[in-house]
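User: I have a model open and would like the labels on it justified one by one. Please set each value against its cut-off and then conclude.

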Amino acid sequence: MATSSIDVDQLLANLKTVATGIIQQDVTTIEGYSERQLAAMAQQAKWIAAASLTGELSSDMREFFLNTLKDSAVNFANTLKGLVIITVEKLWNALVGALWTAIGNAISLPLALPGGGTAGGTTPTA
């Protein structure tokens with residue numbers, strides 16, 4: 001079986017490119033989501049304070065809106081956690097795919113990817 005060596009510098013560059021692309025795209029998505037949600041929570045906090053000062057809100061109603069704001073913060077944090085988990089999963093899949101492809105190409109044998117599918121195994125072109 002013919003083999004070729006892996007160009008570590010090129011593989012490292014590929015891994016960095018893959019990782020950077022995923023992270024930049026997802027950070028942009030998360031940043032936009034975060035900005036909107038945080039602005040809404042800040043606006044709600046301002047309204048609760050103002051309505052409390054003017055007497056628009058009874059203490060019971062203030063507690064209700066504070067609990068709603070707390071729930072919004074919890075939901076925000078849980079959504080961010082989920083988005084980060086998805087980003088990490090995408091990153092892991094991309095890195096494993098690139099590594100398995102490099103190895104498969106070097107040994108001219110398609111490798112089974114963890115979780116299914118195959119990568120590499122084609123003869124690299126010069």
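**Labels and the values behind them**

Analyst: The largest share of the lining of the largest pocket, 5 residues, comes from H2. The model is a predicted one.

User: Which helices supply at least two residues each of that lining?

Analyst: Both H1 and H2 do. The pocket has a volume of about 260 Å³. It is lined by 13 residues, and the closest to its centre are Ile-6, Asp-7, Asn-14, Ala-102 and Asn-105.

User: What is the make-up of the lining of the largest pocket, in nonpolar, polar and charged residues?

Analyst: The lining divides into 6 nonpolar, 6 polar and 1 charged.

User: What span does H1 reach, and what is expected at 1.5 Å a residue?

Analyst: H1 covers residues 8-54, 47 in number, and reaches 67 Å from its first C-alpha to its last. The expected value is 69 Å, and the span is close to that.

User: How does H2 fare by the same rule?

Analyst: H2 has 49 residues and reaches 71 Å between its first and last C-alpha, close to the expected 72 Å.

User: What is found at the start of H1, and what follows the helix?

Analyst: At the start, a side-chain oxygen of Asp-7 comes to within 3.1 Å of the backbone nitrogen of Asp-9. The cut-off for a polar contact is 3.5 Å, and the Asp-7 to Asp-9 pair is within 3.1 Å, so the distance condition is met. After H1 comes Gly-55, with a positive phi near 85°.

User: Why is Ser-34 called buried?

Analyst: Buried means under 20% relative accessible area. Ser-34 has 13%, so the label applies. Ser-34 lies in helix H1 and, not counting residues up to four places away in sequence, touches Phe-76 and Leu-80.

User: Why does Tyr-33 get its label?

Analyst: Tyr-33 has a relative accessible area of 17%, under the 20% limit, and therefore counts as buried. Tyr-33 is also in helix H1. Leaving out residues up to four places away in sequence, Tyr-33 touches Asn-75, Phe-76, Thr-79, Leu-80 and Leu-83. Tyr-33 and Thr-79 are 46 residues apart in sequence, with 9.6 Å from C-alpha to C-alpha.

User: What makes Leu-15 buried?

Analyst: Its relative accessibility is 18%, which is under 20%, so Leu-15 is buried. Leu-15 lies in helix H1 and touches Leu-95, Ala-98 and Leu-99, with residues up to four places away in sequence not counted. Asn-67, 52 residues away along the chain, has its C-alpha 45 Å from that of Leu-15.

User: What covers the buried residues of H1, and what do those of H2 pack against?

Analyst: The cover over the buried residues of H1 includes helix H2 (59-107). Those of H2 pack against H1, strand S1 (111-112) and strand S2 (118-119). The buried residues of H2 include Leu-69, Phe-76, Leu-91, Ala-98 and Ala-102.

User: Why is Ser-108 called partly exposed?

Analyst: Its relative accessibility is 29%, between the 20% limit for buried and the 50% limit for exposed, so Ser-108 counts as partly exposed. Ser-108 lies in the loop between H2 and S1. Its phi is near 55°, a positive value in a residue other than glycine.

User: Why is Thr-118 called exposed?

Analyst: Exposed means over 50%, and Thr-118 has 60%, so the label follows. Thr-118 lies in strand S2. Beyond residues up to four places away in sequence, Thr-118 touches Pro-110, Leu-111, Ala-112 and Leu-113. Thr-118 and Ala-106 are 12 residues apart in sequence and 14 Å apart in space, C-alpha to C-alpha.

User: Where is Leu-111, and which residues is Leu-111 in contact with?

Analyst: Leu-111 is in strand S1. Setting aside neighbours within four places in sequence, Leu-111 is in contact with Trp-100, Ile-103, Gly-104, Gly-117, Thr-118 and Ala-119. The C-alpha atoms of Leu-111 and Trp-100 are separated by 6.4 Å, and the two residues are 11 apart along the chain.

Key:
Residues are numbered from 1 along each chain as its sequence is written. This is a predicted model: local features need pLDDT of at least 70, side-chain atom pairs count only at pLDDT 80 or more; totals for chains, interfaces and linings use all residues. Side-chain values use heavy atoms; hydrogens and water are left out. Helices (H or I, at least four residues) and strands (E, at least two) are DSSP runs, numbered from the N terminus. The expected span of a helix is 1.5 Å times one less than its number of residues. Contact means heavy atoms within 4.5 Å. A polar contact is a pair of N or O atoms within 3.5 Å; within protein, one must be able to donate a hydrogen and the other to accept it, and residues adjacent in sequence count only if both atoms are side-chain atoms. On a 1 Å grid over the protein atoms alone, a cavity is a set of points where a 1.4 Å probe fits but cannot get out, and a pocket is an open set with protein on both sides within 12 Å along at least five of seven lines; lining residues have an atom within 4 Å of a point. Grid points are joined across faces, edges and corners, and a volume is the space filled by probe spheres set on the points. Ala, Val, Leu, Ile, Met, Phe, Trp, Tyr, Cys and Pro count as nonpolar, Asp, Glu, Lys and Arg as charged, and the others, Gly among them, as polar. Buried means under 20% relative accessible area, exposed over 50%, partly exposed in between (1.4 Å probe, protein chains only).
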